[in-house]
Amino acid sequence: MIRVRSRLFCKRLLPLGAPLLWGATAVTYKLACPLAQQNGLRARIVTSAVFFVVGTGLVLQARRALLRELREARAVASAAQRVLVRPLPARVAGLNLAATQLSADPGAVIGGDLYEVIATEHGVRVVMGDVRGHGLAAVGTVAAVLGSFREAVHDEPDLGHVLRRLERALARHLRERARGEHPSAGGEPDHPVAEEFVTVLLLEIRPDGEVRVLNCGHPWPYLLGPARAEPLTRAEPLPPLGPFPLPAELPAVGCGRLLPGQALFLHTDGVEDARDGRGRFFTLPAVLADAAGAGPVCPQSVLRAVLAALLRHAGGRPADDVALLVVHNDRRPVVRQPPGEPVGHRAHRLT
């Protein structure tokens, strides 16, 4: 026990070693050096030079300590981001994925955007969302929504039940936040954080390629094919999660099938809301059509092209957080045997 305490004490004193050494150097020179006791011009110049060197050494030491703490803080923030919005695998259940996230704050690693792709027995389920605001409060909300999604997608066969689980998780999180911010209020607040909301897009891709979507105030995805990009659907979305309760019935919107070779482009509103120096909005559909090209859609190429065009348009960094996700169907066409057709004579049908 004594050894452990001694080690901890020495570890705490270690950062003070260099400042103490520089201070001891200055004091020793002032007290022991005969030149420091003189009042001539030469003595004053030498004394000033000594104290300038000592001061510079202290400043450099403080700078190194601050840079070390900054690197450690960024490493912790990066680790937290990997846990919250973890890197997606390159492939999930026959779907190729490419995703990226960009914070509007140059000094921030974690933003208020979220996304996740999980293969379940009900199909591949995708979430993309945008939390109002930035900072630690937004990070806590991202953690609450993503944590609930990662559990609910495996438990709930219906996409509407998944969305209702997200709503309950968000409500619990906001109540806990309200109690933490206003502990003197006591009890359960009626409106914990009235201005807080989250836009959420839930998407399900079944093994046959059928796409079903629930949208709470989020931008609709784009369907990408050779040299084309069009909205997946133009249905009216539900309100964002938070301000208003969800309706009693939550039927998912059927959007047809994602055929092999096609892709879905999901994004947050920071993309289409980005403006250039003249105040013009980013023309995402045209950029997507050019990025898709005339040949097969490559998710990584589409992602790089859109991000590069967005950064050029916004002058280096957009004013809002940005999240991009490309889901490409790389599954092989299903070969089916039509009823009554002789064996060996097969029709190739895409699902």
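Two strands pair if DSSP finds at least two bridges between them. Helices (H or I, at least four residues) and strands (E, at least two) are DSSP runs, numbered from the N terminus. The structure is a predicted model, in which local features need pLDDT of at least 70 and side-chain atom pairs count only at pLDDT 80 or more, while totals for chains, interfaces and linings use all residues. Residues are numbered from 1 along each chain as its sequence is written, and side-chain values use heavy atoms, with hydrogens and water left out.

**Exercise 1. The five-stranded sheet**

Task: Find the strand order of the open sheet of five strands, and state which strands are at its edges.

Solution:
- Step 1. The order is E3-E4-E5-E6-E9, and the pairing is antiparallel.
- Step 2. Strand E3 (113–120) and strand E9 (253–257) are the edge strands, as each pairs on one side only.
- Step 3. On average, neighbouring strands of this sheet are turned by 15° against each other, direction ignored. Here axes are lines fitted to C-alpha atoms, for helices over the stretch in contact, and angles run from 0 to 180 degrees between N-to-C directions.
- Step 4. To check one pair, take E3 and strand E4 (residues 123–131): they run antiparallel and are joined by eight bridges. Within this pair, Val127 in E4 is the residue opposite Glu116.

**Exercise 2. The six-stranded sheet**

Task: Trace the open sheet of six strands, then give its pairings and edges.

Solution:
- Step 1. The strands follow the order E1-E2-E11-E10-E7-E8, with antiparallel pairing.
- Step 2. E1 and strand E8 (228–231) each have a single partner strand, so one side of each has no neighbour in the sheet.
- Step 3. Strand E1 (residues 91–92) is joined to E2 by two bridges, and Arg91 has Asn96 in E2 as its bridge partner. Their hairpin has two residues between the strands, and in it Ala93 takes a positive phi near 50°.
- Step 4. E2 and E11 run antiparallel and share eight bridges; Ala99 stands opposite Leu325 in E11.
- Step 5. Five bridges link E10 and E11 in the antiparallel sense, with His267 opposite Leu324 in E11.
- Step 6. Of the eight residues of E2, six are buried, where buried means under 20% relative accessible area, exposed over 50%, and partly exposed in between (1.4 Å probe, protein chains only).

**Exercise 3. Helix H8**

Task: Compare the span of helix H8 with its expected value, and work out which residues are buried and which are exposed.

Solution:
- Step 1. The expected span of a helix is 1.5 Å times one less than its number of residues. For the 16 residues of H8 (residues 299–314) this should be 22 Å, and the end C-alpha atoms are 22 Å apart, which agrees.
- Step 2. The buried residues in H8 are Pro299, Val302, Leu303, Val306, Ala309, Leu310, His313 and Ala314. They lie on the same side of H8, because they cover an arc of only 140° around the axis; the arc is that of the directions from the helix axis to the C-beta atoms.
- Step 3. Arg304 and Arg312, on the other side of H8, are exposed.
- Step 4. The cover over the buried residues includes strand E2 (95–102), strand E7 (222–225), strand E10 (263–267), helix H6 (269–272), helix H7 (284–292) and strand E11 (322–329).
- Step 5. H8 lies across E2, E7, E10 and E11, and runs at about 20° to E2. Just after H8, Gly315 has a positive phi of about 75°.

**Exercise 4. Two buried loop residues**

Task: Place His218 and Ala274, decide whether each is buried or exposed, and list what each touches.

Solution:
- Step 1. His218 is in the loop between strand E6 (210–216) and E7. Its relative accessibility is 3%, so His218 counts as buried.
- Step 2. Contact means heavy atoms within 4.5 Å. Not counting residues up to four places away in sequence, His218 touches Met128, Gly129, Asp130, Thr199, Val200, Leu201, His267 and Thr268.
- Step 3. Ala274 is in the loop between H6 and H7, and at 5% relative accessibility Ala274 counts as buried.
- Step 4. With residues up to four places away in sequence again not counted, Ala274 touches Arg280, Phe281, Phe282, Leu310 and His313. Ala274 and Ala319 are 45 residues apart along the chain, and their C-alpha atoms are separated by 6.7 Å.
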